[in-house]
Amino acid sequence: MGIAKVISSGSEGNAVIYNNAIMVDCGVSFKALEAVKRSLKIVLLTHKHSDHLKIRTLQRLQAERPTLRVACGDFLLEELPCIKNIDVLQVGKIYDYGAFRVSPVKLYHDVPNFGWRIFLPNGQKIFHATDTVHLEGISAKGYDLYAIEHNYCEEYIQEAIEEARANGEYTHAYGNINTHLSIQQARAFIEANRKKSSEVLELHKSRSFYSKIK
């Protein structure tokens, strides 16, 4: 997908660039953004977990790019005491930044979390959602790109849970099924909303619980 560039996606860090100007999440090192930092106009934040938000990286970005804006929900304000140019946005409202428009979507994680609708000037629409246990009640009909979490396969993770239970062991699978989106959930949402030409970007795949299925 030409309008998307994945810097990193997963528990090691998250940052995705759209249209060379919009970055969703800032959970990577400053060095990882060297090639893209000059074209960025805005950073859209999702939630406070450190694989999605590295304050030091955001500070260094703004030090080099003083006009760079940061958009988030009010629940993130206490996490950003040293960050400037913050826009506090509300779910369901569309905000016009001239070269693009954005709208936050409420997601369902173990902390308050936003997904994002992004509207580009050429009419392309992007739906970005990760770190959510479900997408119930959310619609994104006819978008051009669905950048959605495909964290684990339900079949494979149940096998891992049963094996751990039989051995009296702990498994991170319990956390995954209570806080993240499965491949099956993601595919069902996409099929219910996509148009024929829609593209899919699979995000936040778990190395441990992502299936071999295609």
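The sheet comes first: in this predicted model, six strands form an open sheet in the order β1-β2-β3-β4-β5-β6, and their pairing is mixed. At its edges stand β1, residues 4-8, and β6, residues 86-88, each of which pairs on one side only. From one strand to the next, the twist averages 20°.

Allow me to take two of the pairings in turn. β1 runs antiparallel to strand β2, residues 15-18, and four bridges join the two. Within this pair, Val6 stands opposite Val16 of β2. The hairpin of β1 and β2 has six residues between its strands, and Gly10 there adopts a positive phi near 140°. By contrast in sense, strand β4, residues 42-44, pairs with strand β5, residues 69-72, in a parallel manner over three bridges. Ile42 has Arg69 of β5 as its bridge partner.

I turn now to helix α1, which spans residues 55-64. Which of the residues of α1 are buried? They are Thr57, Leu58, Leu61 and Gln62. These buried residues lie on the same side of α1, because the arc they cover around the axis is only 130°. Arg56 and Ala63, on the other side of α1, are exposed. The cover over the buried residues of α1 includes β3, β4 and β5, and β4 and β5 are the parallel pair that I described a moment ago.

The next topic is the nonpolar interior. As a general background, nonpolar side chains in soluble globular proteins tend to be buried together. In this model, the largest nonpolar core holds 23 residues, and those with the most contacts inside it are Tyr18, Ile22, Leu44, Val102, Trp116, Ile118 and Leu201. Two or more residues each are given to this core by β2, β3 (22-24), β4, β9 (112-119), β11 (145-149) and β12 (199-203). Which element supplies the largest share of this core? That element is β9, with three residues. A separate core of 20 residues lies apart from it, and among its members are Cys26, Val43, Cys72 and Ile83.

One residue of the largest core, Ile118, deserves a closer look. Leaving aside residues up to four places away in sequence, Ile118 touches Tyr18, Ile22, Val24, Leu44, Arg101, Val102, Gln124, Lys125 and Ile126.

I close with two histidines. His109 sits in the loop between β8, residues 101-108, and β9. Is His109 buried or exposed? His109 counts as buried, because its relative accessible area is 16%, which falls under the 20% cut-off. Its side chain makes polar contacts with the side chains of Asp110, at 3.4 Å, and Asp131, at 3.3 Å. Not counting residues up to four places away in sequence, His109 touches His47, His49, Asp131, Thr132, Thr179 and His180.

The last name in that list, His180, is the second histidine. His180 is placed in the loop between α3, residues 173-179, and α4, residues 183-193. With a relative accessibility of 11%, His180 is likewise counted as buried. The side chain of His180 is joined to that of Glu149 by a polar contact of 2.5 Å. Glu149 falls within β11, residues 145-149, one of the elements that give two or more residues to the largest core. Finally, Lys54 is 126 residues from His180 along the chain, and 21 Å separates their C-alpha atoms.

Conventions:
Residues are numbered from 1 along each chain as its sequence is written. This is a predicted model: local features need pLDDT of at least 70, side-chain atom pairs count only at pLDDT 80 or more; totals for chains, interfaces and linings use all residues. Side-chain values use heavy atoms; hydrogens and water are left out. Two strands pair if DSSP finds at least two bridges between them. Axes are lines fitted to C-alpha atoms, for helices over the stretch in contact, and angles run from 0 to 180 degrees between N-to-C directions. Buried means under 20% relative accessible area, exposed over 50%, partly exposed in between (1.4 Å probe, protein chains only). A polar contact is a pair of N or O atoms within 3.5 Å; within protein, one must be able to donate a hydrogen and the other to accept it, and residues adjacent in sequence count only if both atoms are side-chain atoms. A nonpolar core is a set of buried Ala, Val, Leu, Ile, Met, Phe, Trp, Tyr and Cys residues joined through side-chain atoms within 4.5 Å. Contact means heavy atoms within 4.5 Å. The arc is that of the directions from the helix axis to the C-beta atoms.
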